[in-house]
Every structure is written in structure tokens, then in C-alpha cells.
Amino acid sequence: MGEDNGTNVYDPAMIEQKWQQRWESDGLYHADIDHSQPKHYALTMLPYPSGDLHIGHWYAMTPSDARARYKRMQGYNVMFPMGFDSFGLPAENAAIQRNIHPRIWTEKNIEHMRAQMKTMGAMFDWRRETISSDPSYYRWTQWFFIQLFRHGLAYRKESPVDWCPRCNTTLAREQVWGDDRHCERCETPVIKKNLVQWFFKTTQYAEEMLHYDGIDWPERVQNLQTNWIGRSNGAMVTFKTAREGHELKIFTTRPDTLWGATFMVLAPEHELVKMITTEGQKAEVEAYVEEAIRQTDIQREATDKEKTGVFTGAYAINPVNGEEIPIWIADYVLPSYGTGAIMAVPAHDQRDFEFARTFGLNIRVVIQPADMEPITEEEMTEAVPAKGTMVNSGELSGTTGDDTVAKVCEWLEGKGIGHAEVQYRLRDWLISRQRYWGAPIPIIHCPECGIIPVPEKDLPVRLPEDVEWLPTGESPLKLHPTWKQVRCPVCGGQAERDTDTMDTFMCSSWYHLRYLSPGYDKGPWDPAEYDYWMPVDTYTGGIEHANMHLMYTRFFHKALRDMGITEGHEPMLQLRNQGMVLGEDSEKMSKSRGNTVAPDVLVNKYGADTVRAYLFFFSRWSQGGPWSYSGIEGTSRWLRRVWSMITEDEDGSTQASEDTIRELRRKVHQTLGSITHDFEEFEFNTIISSLMELANNMAQFKREGAYGSPAWHEAVEIYLKMMAPVTPHIAEEMWMQLGKPYSIHTQQWPAVDEEAAKEDEITLVVQVNGKVRDRIVVPADIAEEDAKAIALASEVVQRFMEGKPARKVVVIPGRLVNIVV
RNA sequence: GCCGAAGUGGCGGAAUAGGCAGACGCGCACGACUCAAAAUCGUGUUCCCUCGGGAAUGUGGGUUCGAUUCCCACCUUCGGCACCA
């Protein structure tokens, strides 16, 4: 063993480069269809090519890689692809600031990041690399748009949408964050604009997306998605205006309070406002509407502000009791939820209560909770939202119990004035972006024929190369002199292309499908590849995508399923989320804080294996946490120790005792058992601790003369196989130095020898009144009675029993005896 | 306000079908090697103590022979949603 010059020091830079080249030239990580093996599609979220790989990328990708490698050693045919989500704004900003074409900027970044990524030593099959800004990719993104359009799932409408004044584009609801409603990307507060935009009907799948049957996704993600979809049960009830008899539908979750409705409120934007406002109220109403629309969402949605509103002069008839009640408008009613109109029940809804008190409107109690004193309108200081017995509610007075709402719905239905209804908070997905660097929306606007999809044979609709960005902030596609000029595919007349591009989340909704066959040109993917690899077995990535990418991709899959394009109900069976690596100051890493950690520098100093191992080790993967430069020294030390333990001969000629050999094998197989479990559960930190612990034990056994024994050879072989997924280079190098067949990464994951792992002796813990008083080494299979006898015989135990008789003795076989006196 | 997650040594974190709290690592201390230092190796390291023990997993209760783990209430931190009818 050892190098020619006699020294054999661990030189990560040398061995990592060597093996990366060898693996690549051998195509060791190529994943091809092989029906003789079970498949495993492992996927980690693809990065945006920002230009520099940061430690967060390593944190997301290398554990995912280790898991994929483990699966491969378990006998699965594993595909682990990588690509780039390469459309998006930063490319365009670079174009504006530095006068580089977004395509060139993106290509350069991809090239650089690909090279950086290769230093990770991950098992990416680069033949399957997919780049979403490539025309061969966005051709199919556009094709999907057309399929959605044909199936009525893509539509255009004018509505008030969120506009980022800095990015000069509209944003989806999910991309507007925080109390100040800022742009997810540049943090500028958004404003509202009334624009005609394309939407996808995500709401059509709201109900289905609430169900997570058959998928193993974290509760947390399910929770976030469920909250975001925001299902609420209630009733739809039709009121009518008193004079003209206009229908006025409202949604309520409390139909049991219908008899307490003393007025109605419409959103200022409600279509009926103009029609019903009386001549006398017109001026006041118009002024209010104008003011409401002018306000920003933040001003308008501030929950702590005083209630404002205006009477329309009109009245509605409450269908449950025929009462005439006034119709007001107020900005606390949102146009975008329910029907944009409510019945107001001030006695039982705090918002309505405040409104009623501000404007002196009637309050009527119609619910009496069981555990409260009888409530009266005069004495109320706040609304009583609790459920209870219906009172003052005509023939339904006295109705009570958990099913009150259901009973009322049934009654409403019988009368033909309403029915049970479900509302969702989820909105349709706004996908139009007024920017250049995205997939052009493949639509032609013809003055004669209307909205016409680009014929599939004409796809892709390519982005023009010769573009310039004007300070107006408008999209170069709109300003381009000729690009939008096109013949209508139907009538042949002069028409115009849609100059908007698609939200990049559209590109990432199906990238996992393009990996199947990135070069395929007869369809978005090769059906044979689809049949073998789909669905994705394990998907890993950041939790921040719970309400964006992960919802869009589910929507996309379900929509395609209903068109007969995909199969199954979900695209990704198992999802796991990593946490975030923070700076040493426990703050989020950022250049402005100066607390970033550069992986390239670390790789140069320690080698990729150490960086990988430290990232696995320092915290629970799902949790993340602060980086530590002194912490990584510990993992570096561990790898150097393992290196010398395995590659250096032992000088001494001691012969290990049988006990030592037995103990060595026991530790090895016990560790194998726990590491196997940890790989299944994504518990990477304890994989490393177990490996460290075993290395400490093995070093001890080596000193005791175990070196060179069959048990030692077995231990080393198993040790290297367990290391292989986490530190692939050093494992491969030591494997080779031991003369084992290339490659360690194609070896079978070892099986636990249960017999070897079994303990012969255990330390029996003896407690008196629940406190540990003695520890006695006994045979592992000791009988309960014997354990009890030994425990009671202990001198220490007798001292603590103080001569009192044992009232009760609890024996947990193999663990402890608790004596109660 | 609503939904969810988390509180364990000086630090990062282990341990939950209820059974030895603090694995593993960092840091620190001491020792070996060295002229010396670094590196490396070894030993120790929750706190208090009258060296018999005692206390301790955010706080207070409860269930249990026994609770970091289960139940109730509260405090703190973080994430998401929020005039959503």
C-alpha cells in the first residue's frame, strides 16, 4: 500500500480531481432505462444561474446526492439530473446595467456554475441537463400553454393586478410578500394596475390540491398549502334589491345568523353599485369609490383603521324574513373574495359590529351561546361570534347543536333562496410578465379572428436577438420594430404577437419531465422514458417554494393528467425540505452583511468531501443553522484520521483477543444498522456522528491488535461503503488503495449481520424510586426474575432502600429494574 | 387574531412504541511529542456540593414505578396567513 515515494498523505485536491475525471469519462453516473432493475428518480430543485454557486446550493444538493447514491447502492437504477432555471429578471437587469445580452450573460453563468457544481462530486447525469431558456425547451413550455388554452385552463381577463414598479412587470399573488406587500425578488412595494393579463385556472384544482393522499410530503408543506388554498364552508344566499329586484348574492360562513342581518355591504368595485345608487347618494358614493380605488392595498387592508363607508340609498330584501335592509358600500369588503358583497350581522361579527356602531345601524342578537348570560343589543360592547342556539330567527328559532349550519343550509335550499357552498382563498395564477427574458406567450391577436394560438408547427416562438432596453422600462418585445408583426394563421391578415412572456414558474412546473429526454423533439418527452422513470420518487428543496413552485407543479401535473398527457395524480411522491445555512452571526447570509461563505474557497482548503461532510453534520438537515469555520475543522480532522487509520499499517504485533474481535464486529454492524435507518430518514447529521464514533472505536481496536484480522478487513470494507455516499472521493480512493474492484459506487449496500450486532451483556440500570442507584453488568438475555434478584441483592440499592420492603418492582427486560419502596 | 414549528451544557446539536439526559463535534483545561510553537496523539469537561450526594431538558401543573418524550395552561422565538365574510 502507499505511494511510490513512501508517503501517503491525504491530498483531497489531487484525489478529488482524479476521480471526478475518471467517473465522468466512464459515464459512471449515466442513468439509462433498465427494466431488470427497480428505478429511482431522485430530484433536487434546479438552480437559477445567478453566476456563482453559493453554500446554500451545496447544502441543498449534496445531501440529496448522498441519498441518491445510497439508493443506488441499494440496488436501484437511480437517475439524478441537474439543469438550470435560466429565464428570469436578473439576466435582463445585467443587460441594462452592463450592456450584456441576457442570453450571453446566462450562458456564461451556466458555464461557470456547471464547472463549480462538478467540484461537488455529485452523481449528476449531465447528459440529461436541461436549460429552460433554450429554444428546444421553451418550445414545449409554449406548447403546454397552448394545451392549457385549448382546454380552457388559460384565459385572459382585465383585473387589478400587482405591479412591481422596479421590475416593471406584474407579479402573481404568491410573489407578493409581507405586510408592506413587496416584490418577492427586489423587495419594492407593489402597486395595483388594471391590466389585461393571462391567468391559469389553478382554482379549478383547489379542492383536489387539498388532498395529499398517496404522497409522502412534510406536514408543514401540506399545512402551508392548505392555508394558502384557504377552504371555507358556508352558504351562498341570494338577496334582492327592494326596488329593481336585482339579484345580490352573498357568501357567508354563518348562515345561522341570517336573521340578524341588519344591513348589507358591497365592495366599492361591485358591479351593482352604479345601478342601485339613488340620485341623492350618487355624489357621495362616487367620491368614496374613487378614494377606495386610489388607496393602496396596504392602506386599504390595514385591519386597525376606522371603518369607513357610504349608504347607497338602496335597500335589499332579506329572503329569510322579508325585511328591508339598507345597502352600504365599504372598503372592508374585498372585491376579490366571495361575491364582493356581504350581509352584515353586527351582533355576531366584529367588523360588522364596528361598522354598525360607527354609522348608527341596527344590531340584532340572533344567537345565544349556551355558556353566556342572555345577551342584549344595548349592552353589547363587542360582537359575539360564538356558536349557540338560534333566537329571533322565525321558524328556525331554537335550533341548536353542531349541525346548526347544515340545518339552515337545508332549509335555505328547500326555500330556493340559497345552498351550502365552499369558497377558496386561492386565486388563479397570473402568468403574464412584461419582460423580455422569458418564454413568449404563443398567442396571436388578430383584429378579425381574435385570440389565436400559434400553430404548433410554428413553435417555438423565438425571442428576437436584436433588442434594446429603453429607460421607459417597457419590454423590448413590445418596442421591437418587427418582431410582433405576424400573419394571422386563420385569416392570413395582418396581426400582432402577444408581447408578454410567461412567469418562469411555468418553466419549472415541468422541468422534471424534460430531464427524461432533453433532446427529444417529437414531443415534450420520450414516452418510453416517461413510462420507466416517472413519477419522481424523491424530491428535495427549500420550503420557500411551498406556495409557489410546489403548488404550480402539482396544478400542472393534474391539468396535464386531465388532458391525457400525464398519468397519476401527483408528480412527486416523496418531498423533503432542507433548512438554510446562516452566517456565523446566525443571520441570513448576504453580501451586504459580509457573512457569506464561499464554497470554492472551502473546497480549495479542505476538499469537497470535508465540505460535504460538514454540511451534513452541523445540524439537522431540515433545520439548517449557523455556519462555523472552527466546526469544519472537526470534520476535516475526522477524514484525516480515517485516512491514516485505514491506509497506515500497524507497527505492533499484538494479537487481538476474541472479545476485541467480537466487539469490533458488533460495533460495525450496529453502526451499519443505524446509518441505514438514518439514510432512509434523511438524518444526515447522525450518519456522520455514527461514522465518527465508529472510527474512534476502530482506532481503539486497531491499537488492541485487531488490524489485519478478517474482522478488520470486513470493518474497513463496510466503513468505506458507508462513507461512499457522503464522501465519495476519499471512499473511492481508499477502496482502490485496498485493491478492491472499481467502483465503490457500484457496490451493493452491505447487510447487517444481526447475530454479530447482538449484545451478549448489558448494563442493567437499577433505580430506587425512579433514581439511578446502581449499574450492574448482566447477560443480555437475563430472565426477569434473575434481574430482579440481582438488583435487590445490590449493596448500594439496599442502602437506598433503607431497610424498607419493596412495594413494587418494575423490570424492563434488557434495560432496567425500578424498585419502589 | 388564526394556522404551524421550535425552546436541552460555554457553542452546534444527540437521545421520543415513556426507561442510564448530554452521543458526535466545536471550544476549553491538563498531559505526551517539541528548544519552542503549530500540527498530531491521549485524558478530562452540565451545574452545585460539606465528596455522602443534590439539582437540571423554557415556566407551572398533571398522568406514571419512571417524562426531554404523553396531557393541560402559560412564556419566548421563528415561519405562514390575515377586514377572506
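Which residues come nearest to RNA strand B? Of the 56 residues around the strand, these are T253, Y337, R351, R637 and N818. The model discussed here is predicted. This briefing covers the RNA surface, helix α22, the cysteines, the backbone geometry and one buried strand residue.

**Surface around RNA strand B**

- Among the atoms of RNA strand B that lie within 4 Å of the protein, 67% are sugar or phosphate atoms, and the rest belong to bases.
- The protein surface near the strand is made up of 18 nonpolar, 17 polar and 21 charged residues.
- Helix α22 gives the most to this surface, contributing seven residues.
- Phosphate oxygens of RNA strand B are approached by two side chains described here: a polar atom of S232 lies 3.0 Å from one such oxygen, and a polar atom of K808 lies 3.3 Å from one.
- E693 instead places a polar side-chain atom 3.2 Å from a sugar or linking oxygen of RNA strand B.

**Helix α22 and the residue that follows**

- Helix α22 comprises residues 684-706, and the surface near RNA strand B draws seven residues from this helix.
- A straight helix of 23 residues would span 33 Å at 1.5 Å a residue, whereas the end C-alpha atoms of α22 are only 29 Å apart.
- In an α-helix there are 3.6 residues a turn, so residues three or four places apart point the same way.
- Just after α22, G708 adopts a positive phi of about 90°.

**Cysteines**

- The structure contains zero disulfides.
- C167 takes part in no disulfide, and the nearest cysteine sulfur, that of C164, is 3.7 Å away.
- C167 counts as buried, because its relative accessibility is 7%.
- For C491, the closest cysteine sulfur is that of C449; the two sulfurs are 3.6 Å apart and therefore too far from each other for a bond.
- C491 has a relative accessible area of 41% and is therefore partly exposed.

**Backbone geometry in loops**

- Most residues other than glycine have a negative phi, and most peptide bonds are trans.
- The peptide bond between M534 and P535 is cis, with omega at about 0°; P535 sits in the loop that runs between α16 (527-533) and β26 (536-542).
- A cis peptide bond also links Y742 to S743, where omega is near 0°; S743 belongs to the loop between α24 (728-737) and α25 (754-757).
- N168, which is not a glycine, shows a positive phi of about 55°; this residue is located in the loop between β5 (154-164) and β6 (169-171).
- E187 is likewise a residue other than glycine with a positive phi, near 65°, and its place is the loop between β8 (182-183) and β9 (191-200).
- E187 is classed as exposed because its relative accessible area is 58%, over the 50% limit.

**Buried residue Q578**

- Q578 lies in strand β27, which covers residues 572-578.
- The relative accessible area of Q578 is 11%, under the 20% limit, so this residue is buried.
- Apart from neighbours within four places in sequence, Q578 is in contact with Y59, A60, T540, G541, G542, W621 and S622.

Key:
Residues are numbered from 1 along each chain as its sequence is written. Chains are lettered from A and ligands numbered from 1 in the order in which they are written. This is a predicted model: local features need pLDDT of at least 70, side-chain atom pairs count only at pLDDT 80 or more; totals for chains, interfaces and linings use all residues. Side-chain values use heavy atoms; hydrogens and water are left out. Helices (H or I, at least four residues) and strands (E, at least two) are DSSP runs, numbered from the N terminus. Buried means under 20% relative accessible area, exposed over 50%, partly exposed in between (1.4 Å probe, protein chains only). Contact means heavy atoms within 4.5 Å. A disulfide is a pair of cysteine sulfur atoms within 2.5 Å. The expected span of a helix is 1.5 Å times one less than its number of residues. A residue is near a molecule or strand if one of its heavy atoms lies within 4 Å of it. A polar contact is a pair of N or O atoms within 3.5 Å; within protein, one must be able to donate a hydrogen and the other to accept it, and residues adjacent in sequence count only if both atoms are side-chain atoms. Ala, Val, Leu, Ile, Met, Phe, Trp, Tyr, Cys and Pro count as nonpolar, Asp, Glu, Lys and Arg as charged, and the others, Gly among them, as polar.
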